[in-house]
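Biologist: I would like to go through this model one question at a time. Please give the reasoning before each result.

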Amino acid sequence: KEFIDFKPKVSLFTRPRRFGKTLAMDMLKTFFEVSSTDTSKYFKNKKIWSCGEEYRREQGKYPVIFVTFKDIKFATWEQTYTAIREIIANEYLRHDTLLTSDKCNEFEKNYFRKVVDGTITEVSMARAFLELSHMLNKHYGRPAVIIIDEYDNFTNVVLNEQGNEVYHALTHVSGFYREVFKKFKGMFERIFMTGVSPVTLDD
């Protein structure tokens, strides 16, 4: 309800492990995603359904991009990038109807194919979420909802390899850590994210 009311650019859910973050993300996916089946049945006895027609109209109306980085546990950027690319390629395949969409042009479809077959350059890959969400918006006439589960997992691997000296690592960022965020930050648009990294509200 709060997301529908305020429409924030990014919603970050920070909770300890085993607190149901992935389940919550799956619930959001099921609520918002366009589906060939009636998914409203999962919400008709929930509080969101009693909030009014304006909220019920949001159910099942948006294309959704949903990826999880929970299994990315590599020590080099090359391995990490390969794993990220494959995860995103699989999500592209979940939306392969875009390849036959008359709303998407051939340039966009060629980009789609390059992501899937692995010939996309690292520079172009930084636009992966942006390009997919743009194509979905054109095809469905509605902006995409992007859900990223454990967005910070692969950077936590670096911190753990450094003896889990989290604050030291955040203050004296390693070359790897800096490279990960330099390459990754361009992928985000309007999204839900979950993570388990320490968060401070101080300046």
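Biologist: Which residues lie nearest the centre of the largest pocket?
Modeller: This is a predicted model. In it, the largest pocket has a lining of 19 residues. Those that lie nearest its centre are K1, E2, F3, M27 and L28.

Biologist: Which element gives the largest share of the lining of the largest pocket?
Modeller: Three elements give two or more residues to this lining: α1 (2-6), β1 (10-14) and α2 (21-32). The largest share is 5 residues, and the element they come from is α2.

Biologist: How many residues of the lining of the largest pocket are nonpolar?
Modeller: The lining residues can be sorted by class. Of them, 4 are charged and 1 is polar. The nonpolar residues number 14.

Biologist: How much space lies in the largest pocket?
Modeller: The pocket whose lining was just sorted also has a computed volume. The space in it is about 430 Å³.

Biologist: Now the helices. Are α4 and α7 oblique or roughly parallel to each other?
Modeller: Two packed helices are described by the angle between their axes and the distance between the axes. For helix α4 (residues 77-94) and α7, the axes come within 11 Å and cross at roughly 5°. Angles under 35 degrees count as roughly parallel. Therefore the term for α4 and α7 is roughly parallel.

Biologist: Which residues of α7 meet α4?
Modeller: On the α4 side, the residues are I88, E91 and Y92. By class, the contact of α4 with α7 has 5 nonpolar, no polar and 2 charged residues. On the α7 side, the residues are A128, F129, E131 and L132.

Biologist: What is the handedness of the crossing of α5 and α7?
Modeller: Helix α5 (residues 106-117) and helix α7 (residues 128-140) have axes that come within 11 Å and cross at roughly 135°. Because of that angle, α5 and α7 are oblique to each other. Their crossing is left-handed.

Biologist: How many charged residues does the contact of α5 with α7 have?
Modeller: From α5 come E108, K109, Y111 and F112, and from α7 come A128, E131, L132, H134, M135 and K138. By class, 5 residues of this contact are nonpolar and 1 is polar. The number of charged residues is 4.

Biologist: How far apart are the axes of α4 and α5?
Modeller: α4 and α5 pack at an angle of about 130°, so they are oblique to each other. Their crossing is left-handed. The axes are apart by 8 Å.

Biologist: How many nonpolar residues are in the contact of α4 with α5?
Modeller: R85, I88, A89, Y92 and L93 of α4 make this contact with Y111, F112, V115 and V116 of α5. Of the residues in the contact, 1 is charged and none is polar. The nonpolar residues number 8.

Definitions and conventions:
Residues are numbered from 1 along each chain as its sequence is written. This is a predicted model: local features need pLDDT of at least 70, side-chain atom pairs count only at pLDDT 80 or more; totals for chains, interfaces and linings use all residues. Side-chain values use heavy atoms; hydrogens and water are left out. On a 1 Å grid over the protein atoms alone, a cavity is a set of points where a 1.4 Å probe fits but cannot get out, and a pocket is an open set with protein on both sides within 12 Å along at least five of seven lines; lining residues have an atom within 4 Å of a point. Grid points are joined across faces, edges and corners, and a volume is the space filled by probe spheres set on the points. Helices (H or I, at least four residues) and strands (E, at least two) are DSSP runs, numbered from the N terminus. Ala, Val, Leu, Ile, Met, Phe, Trp, Tyr, Cys and Pro count as nonpolar, Asp, Glu, Lys and Arg as charged, and the others, Gly among them, as polar. Axes are lines fitted to C-alpha atoms, for helices over the stretch in contact, and angles run from 0 to 180 degrees between N-to-C directions. Angles under 35 degrees count as roughly parallel, over 145 as roughly antiparallel, 65 to 115 as roughly perpendicular and the rest as oblique. A crossing is left-handed if the near helix is turned anticlockwise from the far one by less than a right angle, and right-handed if clockwise. Contact means heavy atoms within 4.5 Å.
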